[in-house]
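The exercises below are meant to be worked through with the sequence and the model side by side. Each one sets a task and then gives a solution that proceeds step by step.

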Amino acid sequence: MNIPGVFYITFLLRDIRTPSWRPWILRKQQFSLPGVPLLQAAGKKNSSNLLGLTEAELKEQFVRGDGPGGQATNKTNNCVVLKHIPSGIVVKCHQTRSVEQNRKIAREILREKVDLFYKGEDSDVFKEKKASEKKKQEKKRKAKENLERKKHFKEMQQLDMK
Amino acid sequence: MWKPATDFTTMRCLTHQLLRRLLGRSPLCVPGRLSQSKGPILSPKQSPLRQSCSARPGLVTATDVVNYWQKVFETNGIPEARESSEYIVSFVLGAKTFQSLNSKSLCTPLTAVHQEQIQQLSNKRLERMPVQYVLGEWDFQDLTLKMRPPVFIPRPETEDLVSLVLEEESRKCEKNSDLCFPVPVPHPMILEIGCGSGAIALSLLCKLPQSRVIAVDKEEAAVNLTRENAHRLQLQERIHILHHDVSYSSAKQLLFWGPMDFIVSNPPYVFHEDMAYLDTEILRVRLMPHDCC
């Protein structure tokens, strides 16, 4: 039988009317759920260059149902607030309607912000932003050039026609 | 079908000149309720509907409408007034959450069609219908599932249950890889008791591409909804959904599918004596036939 599942249900029933906001760390200790898969899943293409975050450094808040077990309420507020304790950076994420997804995305965003905070201009986040800004400016410049060329061509045509 | 309670107190409506224009009709009326009461109570301290962006007078933006409905919900004692309002408006505009809408959408005036859609959905919310039923869909992890009463709405905590199964599965795989000879990866067979909308079953199918699921539920509505969601996600080839009551029916037909690697279940578990403490939204679902426990 699924022992962790039974434990999970009895835990929820025990906490009948306690506050529903609790840090993830506390919950993690009670369930022995590893925080690692969540952080690994949050990685992007170049994430190996970004500073890693450990769950111990994070404090998280999201709404869980209170009352007799999770089924007794229907909270739709899936907003996640994630704080990186050493730097004090806080990320609030309500991008999706799933708590799990919001937690993943919050970690991605926080990881980038923390990297930027500590590495400044050396951060990949900073470099990527600069690169994309440069690209944008280059595109604008080329478009302007094309426009000028066309204008010039048209003027020459009109002169020829005269 | 969703049935509003009969003990509803008088509904109070907010009216304002601009709102009349907003809705293209005279005082905002909530259908069904007002005929039983003395009529809408006009809030004497109604503040004007402020326009948060630079839309021209007479035009309303998404932010304006969210604020308006939030006030209506609050006045009528609807829980999670802000969240409900945001989800409804976002849904009509094709987004999942208000935060995910870009700033342009927030400042663009809403079309009459959109406003009408928001009105219709908000009226359902005013009858204490859960947001998930109002929208007819909700997200579970990275899946969007259809929702329909009386089938239970998956809770956020249930996402953790899926993680537990995945963790257990990877632990099993590690154990197998310790053997000296290569073991072919089997198809993990998963049995779910009480599949509801199919959240757990379909999540597991997505996360474990080799797995197969046998999902059972004693409610035919749940069986149908799980089947519908499976088809929408193109997972119907890997799941069998059975109308079966494990408490009363013989398990013989389940034995047909062979041994199971996992049995997972998140059945209804609210005790009768705790029903009195439930929010109205939950209670109304419970009062449907075939309630829990």
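In what follows, a residue counts as buried when its relative accessible area is under 20%, as exposed when that area is over 50%, and as partly exposed in between. The model is predicted.

**Exercise 1. Determine which residues of strand 3 (residues 89-93) of chain A belong to its covered face and which to its uncovered face, and describe how this strand is paired.**

Step 1. In a regular strand the side chains alternate between the two faces of the sheet.

Step 2. Applied to strand 3 of chain A, the covered face holds Ile89(A), Val91(A) and Cys93(A), while Val90(A) and Lys92(A) make up the uncovered face.

Step 3. The partner is strand 2 (residues 80-84) of chain A, which runs antiparallel to strand 3 and is joined to it by five bridges; within this pairing, Val81(A) has Lys92(A) as its bridge partner.

Step 4. The two strands form a hairpin with four residues between them, and Gly88(A), which sits in the turn, has a positive phi of about 80°.

**Exercise 2. Describe how helix 4 (residues 99-119) and helix 5 of chain A are oriented towards each other, and place Phe126(A) in that arrangement.**

Step 1. Two packed helices are described by the angle between their axes and the distance between the axes.

Step 2. Here the axes come within 8 Å and cross at roughly 95°; helix 4 and helix 5 of chain A are therefore roughly perpendicular to each other.

Step 3. On the side of helix 4 the contact involves Glu112(A), Asp115(A) and Leu116(A), which meet Asp124(A), Val125(A) and Phe126(A) of helix 5. By class, these residues divide into three nonpolar, no polar and three charged.

Step 4. Phe126(A) belongs to helix 5 (residues 124-161) of chain A and, with a relative accessible area of 25%, is partly exposed. Once its neighbours within four places in sequence are left aside, Phe126(A) is in contact with Leu116(A), Gly120(A) and Glu121(A).

Step 5. Arg149(A) lies 23 residues from Phe126(A) along the chain, and the C-alpha atoms of the two residues are separated by 35 Å.

**Exercise 3. Carry out the corresponding analysis for helix 2 (residues 62-75) and helix 3 (residues 81-92) of chain B, and examine the loop between them.**

Step 1. The two helices pack at an angle of about 140°, with their axes 8 Å apart, and are therefore oblique to each other. Their crossing is right-handed.

Step 2. The contact includes Trp69(B) and Phe73(B) from helix 2 of chain B, and Ile88(B) and Val89(B) from helix 3 of chain B. By class, it has eight nonpolar, four polar and three charged residues.

Step 3. In the loop between helix 2 and helix 3 of chain B lies Glu80(B), whose phi is near 55°, a positive value in a residue other than glycine. With 17% relative accessibility, Glu80(B) counts as buried.

**Exercise 4. Which further backbone features of chain B deserve inspection, at Arg128(B) and at the bond between Pro149(B) and Pro150(B)?**

Step 1. Most residues other than glycine have a negative phi, and most peptide bonds are trans.

Step 2. Arg128(B), although not a glycine, has a positive phi of about 65°; it is placed in the loop between helix 5 (112-126) and helix 6 (131-135) of chain B, and at a relative accessible area of 13% it is buried.

Step 3. The peptide bond that joins Pro149(B) and Pro150(B) is cis, with omega about 5°, and Pro150(B) lies in the loop between strand 2 (143-146) and helix 7 (157-177) of chain B.

**Exercise 5. Work out the strand order of the four-stranded open sheet of chain B, and find which strands stand at its edges.**

Step 1. The order is 5-4-3-6, and the pairing is parallel.

Step 2. Strand 5 (239-243) and strand 6 (262-265) each have a single partner strand, so these two stand at the edges, and one side of each is left without a neighbour in the sheet. On average, neighbouring strands are turned by 20° against each other, direction ignored.

Step 3. Between strand 3 (residues 189-193) and strand 4 (residues 212-217) of chain B there are five bridges, and Ile193(B) stands opposite Val216(B) of strand 4.

Step 4. Helix 9 (residues 220-232) of chain B packs on the sheet, where it touches strand 4 and strand 5, and its direction makes about 165° with that of strand 5.

Conventions
Residues numbered from 1 in each chain as written. Chains lettered and ligands numbered in written order. Predicted model: local features only at pLDDT ≥ 70, side-chain atom pairs only at ≥ 80, totals over all residues. Heavy atoms only, no water. Axes fitted to C-alpha atoms, helices over the stretch in contact; angles between N-to-C directions. Parallel < 35°, antiparallel > 145°, perpendicular 65-115°, else oblique. Left-handed = near helix turned anticlockwise from the far one by under 90°. Contact = heavy atoms within 4.5 Å. Nonpolar A, V, L, I, M, F, W, Y, C, P; charged D, E, K, R; others polar. Buried < 20%, exposed > 50% of the residue type's maximum accessible area, 1.4 Å probe, protein only. Pairing = 2+ DSSP bridges.
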